[in-house]
Amino acid sequence: MAAVTPGLSPAAPAAPAAASRARRHEWLTALWGAARTTRGAIGLGLASFVVLLAVLGPRFAPYSPNALQTFPFGKPSVHFLLGGDFLGRDVLSRVLNGGWILLLMAAAATAIGIIAGAAAGVSAAYLRGRSYGIIMRTVYVILSFPQLVFALLLLSLIGPKPWLIVLAVGLSHAPAVARVLRSATLDISEQDYIKVAELQGMRPARVMIREIMPNLISPLMVEVGLRLTYSIIIIAGLAFLGFSQAPPAPNWGTMINENRIGLQLNPWAVIVPALLIALLTIGTNTFTDAVARVTIGVERRPAEAALLDDIGLRDAG
Amino acid sequence: MAAPATQAEGPTGEKPSCYRPLDGRSPMAVAAPAAAPRAVSRRAARPILDLVSRRILFGIITLFAVSVVVFLATQVLPGNAAAAALGRNATPASLRALERQMHLNRGVAAQYWSWLSGLLTGRLGNSLANGLPVWGFVSGRLVNSAVLVFVTGAIGSAAGVILGAIAALRRDGHFDHITSVVALAATSLPEFVIAIALIIVFSTLVTHLLPAVSLLPPGTYAWDQPELLILPVATLVIVIVPYIMRMMRAAMIEALESDYVEMARLKGVPERQVVLRHALPNAIAPTIQVIGLNFLYLAGGVVVVEYVYNFPGIGQGLVFAVDNRDIPTIQLIVVVLAAFYVFMNILTDVIAVLATPRRRIAR
């Protein structure tokens with residue numbers, strides 16, 4: 001999320017409507033505004049540091065991440081700056097190689113969760129039918145099962161394949177995203193410009209994409225940030241529990257688990273990957289918080305507003 | 001909005017046409033209570049009972065749906081559960097024997113029925129990992145996890161409510177700023193990172209005050225050695241407190257700025273009473289929902305934390321079962337977690353209504 005590039009793709013239509021250009025700027029302005037607050041700058045800095053380390057790491061690793069180089073839990077030395085892991089592999093090389101897979105999986109899971117959740121939430125609010133509401137409610141309950149348990153259930157039969165982990169985590173985000181965007185859409189769909197679009201004979205799908213979605217950019221940005229943070233937490237957690245790529249491949253979550261028996265001998269094999277995961281999640285979450293403060297306001301984040309909506313307290317106030 | 005409702009209400013007690021007694025969530029129904037308390041049907045005259053019965057019905061439907069999903073996901077969907085359980089050691093003979101044991105040679109509906117009736121009558125089958133009854137493996141762990149969840153929930157809720165209320169009362173003061181930054185960092189951290197940090201500080205590198213693993217001898221329960229609970233509980237409390245605190249702070253600020261608090265102040269009610277009698281009860285209602293959500297989170301959060309500390313609960317049991325592809329155990333644990341989930345959902349809804357004065361009135 002932090003690394004969203006501003007550049008217009010060359011494939012974009014040559015003359016976009018003035019309105020959509022303004023909206024695109026609004027979105028960038030919000031990110032830029034967030035990055036200029038203290039919190040936003042700290043968050044962006046932390047997240048970018050870890051992302052750069054994970055992406056560029058494999059180029060700078062001194063050894064192969066899977067080669068046995070030193071003693072099991074060997075102390076740090078000039079040749080092995082962070083010492084050896086439980087088999088005697090170089091911890092530094094494994095740290096530099098073990099981050100990008102986590103980032104890639106988390107980004108993919110976030111994309112799945114946002115797309116599925118936005119589609120469900122926006123259409124549930126705009127189309128509104130009663131039966132649709134009942135279906136949504138049931139789906140909420142089934143899917144808003146503890147995310148980790150949901151993922152473990154799916155993994156139990158097929159086995160820990162990375163694509164399956166991404167799919168399971170992505171789908172488990174969808175209900176929460178849908179809940180937030182449903183609440184936001186309910187406010188928007190009462191507006192006059194929606195009525196105008198409907199009277200002009202615009203089809204519902206088009207109204208949702210052209211008129212509603214552009215106005216959901218602020219809650220959407222905050223949701224992307226939150227879900228990215230949670231994706232990293234859950235995917236690293238699954239790796240910690242032993243569910244990730246096949247064994248020799250390096251992964252920060254897996255490293256923490258396999259090296260913790262040697263915590264007294266070479267603590268760096270545990271501390272460094274744990275610290276990097278912590279910096280990454282603190283970074284993304286802090287930047288998201290800054291975006292929420294800039295776009296939505298200080299006191300309440302969208303998840304809490306949606307919750308109040310659901311209990312019916314906001315209307316009653 | 002309320003005025004026409006009062007006029008429409010006739011001596012016959014007929015309900016106004018715009019009023020929908022079944023839909024407690026429409027703004028109409030929420031705004032109506034003060035105006036038309038007597039005119040409504042008998043059914044809506046007891047909002048709590050009505051809500052509870054509707055919620056229980058919905059809960060049963062949900063549990064049924066969950067049982068179908070769990071069953072389909074584990075036993076039917078891709079390939080064959082028996083083959084998955086045996087893995088590479090499968091021979092045609094052992095595969096057929098296991099298929100017969102798991103009733104995989106019958107139709108899907110028949111399989112589901114025999115599984116569900118077994119679940120309801122307590123015939124839960126045997127573990128595929130060691131052949132022992134599943135219930136024996138799960139029951140002791142269930143007690144330990146329950147202790148962990150409820151001790152954590154009690155400490156975390158109390159701490160969150162108190163910290164949130166203080167932060168709201170000292171809004172924009174030092175306490176508010178510091179807790180908000182710490183809370184933001186704490187909500188960002190994965191459970192296992194917090195757990196590892198606590199282990200490093202309290203039981204290995206820095207000090208040796210507490211045990212790093214919470215191994216319990218078989219046959220003993222969590223309360224037999226309370227010191228083993230300290231680190232797992234501390235980890236989970238650190239995870240849940242920030243959410244409860246933030247919600248409490250937001251709700252308390254809203255309550256403190258409301259008209260009724262202003263009214264109480266203008267009447268000359270002492271500030272202490274304004275906070276305790278007027279603001280606090282109204283701020284707690286939305287907070288209870290968040291506390292409920294955090295109990296739901298704990299149903300999943302125990303998995304990683306129990307695994308880190310080797311705490312013998314159902315979360316650790318689930319990880320073992322998934323590792324061994326022990327399908328009967330996975331099914332039982334997931335259904336137990338689902339039942340807990342549905343129960344907590346009903347409970348938090350009902351408590352939130354009881355705690356909100358304006359929703360307690362018959363409508």
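Helices (H or I, at least four residues) and strands (E, at least two) are DSSP runs, numbered from the N terminus. The exercises below apply this to a predicted model, in which local features need pLDDT of at least 70, side-chain atom pairs count only at pLDDT 80 or more, and totals for chains, interfaces and linings use all residues. Residues are numbered from 1 along each chain as its sequence is written, while chains are lettered from A and ligands numbered from 1 in the order in which they are written.

**Exercise 1. Overall make-up**

Task: State how many helices and strands chain A and chain B have, and give the share of buried residues in each.

Solution.
- Step 1. Chain A comprises 14 helices and 0 strands, whereas chain B has 16 helices and 0 strands.
- Step 2. A residue is buried if 20 or more other C-beta atoms lie within 10 Å of its own, exposed if 12 or fewer, and partly exposed in between, with C-beta atoms placed from the backbone.
- Step 3. Of the 317 residues in chain A, 49% are buried; of the 363 residues in chain B, 40% are buried.
- Step 4. Two residues are in contact if their C-beta atoms, placed from the backbone, lie within 7 Å. Among contacts with a separation of 6 or more in chain A, 73% join residues 24 or more positions apart. In chain B, 70% of the contacts between residues at least 6 apart join residues at least 24 apart.

**Exercise 2. Confidence**

Task: Identify which elements of each chain have the lowest and the highest mean pLDDT.

Solution.
- Step 1. pLDDT is the predictor's confidence in each residue, from 0 to 100.
- Step 2. Chain A has a mean pLDDT of 78, with 80% of its residues at 70 or more. Among its elements, helix α14 (residues 313-316) has the lowest mean, 32, and helix α2 (residues 38-60) the highest, 91.
- Step 3. Over residues 306-317 of chain A the pLDDT is below 50, and this stretch has 20 contacts beyond near neighbours in sequence.
- Step 4. Chain B averages 75, and 77% of its residues score at least 70. Its lowest mean, 34, belongs to helix α2 (residues 27-31), and its highest, 90, to helix α10 (residues 191-203).
- Step 5. Residues 1-43 of chain B have a pLDDT below 50. Where pLDDT is low, the predicted coordinates should not be read in detail.
- Step 6. For the complex, the predictor gives an ipTM of 0.80 and a pTM of 0.79.

**Exercise 3. Two helices of chain A**

Task: Compare the expected and actual spans of α7(A) and α2(A), and locate the bend in each.

Solution.
- Step 1. The expected span of a helix is 1.5 Å times one less than its number of residues.
- Step 2. Helix α7 of chain A (residues 162-188) has 27 residues and should span 39 Å; its end C-alpha atoms are 38 Å apart, which agrees.
- Step 3. For the 23 residues of α2(A), 33 Å is expected and the end C-alpha atoms are 31 Å apart, which agrees.
- Step 4. The bend at a residue is the angle between axes fitted to the seven residues ending there and the seven starting there. α7(A) bends by about 30 degrees at A:Ala174, with A:Pro175 following within four residues. α2(A) bends by about 35 degrees at A:Ala54, with A:Pro58 following within four residues.
- Step 5. Because 19 of its 27 residues are buried, α7(A) is largely enclosed by the rest of the structure. In α2(A), the buried residues include A:Arg39, A:Leu44 and A:Ala54.

**Exercise 4. Individual residues of chain B**

Task: Determine whether B:Leu228, B:Asp172 and B:Asn310 are buried, partly exposed or exposed, and place each in the chain.

Solution.
- Step 1. B:Leu228 belongs to helix α11 (residues 227-256) of chain B. B:Leu228 is buried because it has 23 C-beta neighbours inside 10 Å.
- Step 2. Beyond four places in sequence, B:Leu228 touches B:Pro211, B:Ser214, B:Leu216 and B:Ala222.
- Step 3. B:Asp172 lies in the loop between α8 (134-169) and α9 (174-188) of chain B. B:Asp172 is exposed, with 9 other C-beta atoms within 10 Å, and has a positive phi of about 65 degrees although it is not a glycine.
- Step 4. B:Asn310 occupies the loop between α13 and α14 (314-324) of chain B. B:Asn310 is partly exposed, with 15 C-beta neighbours inside 10 Å, and its phi is positive, about 55 degrees, although it is not a glycine.
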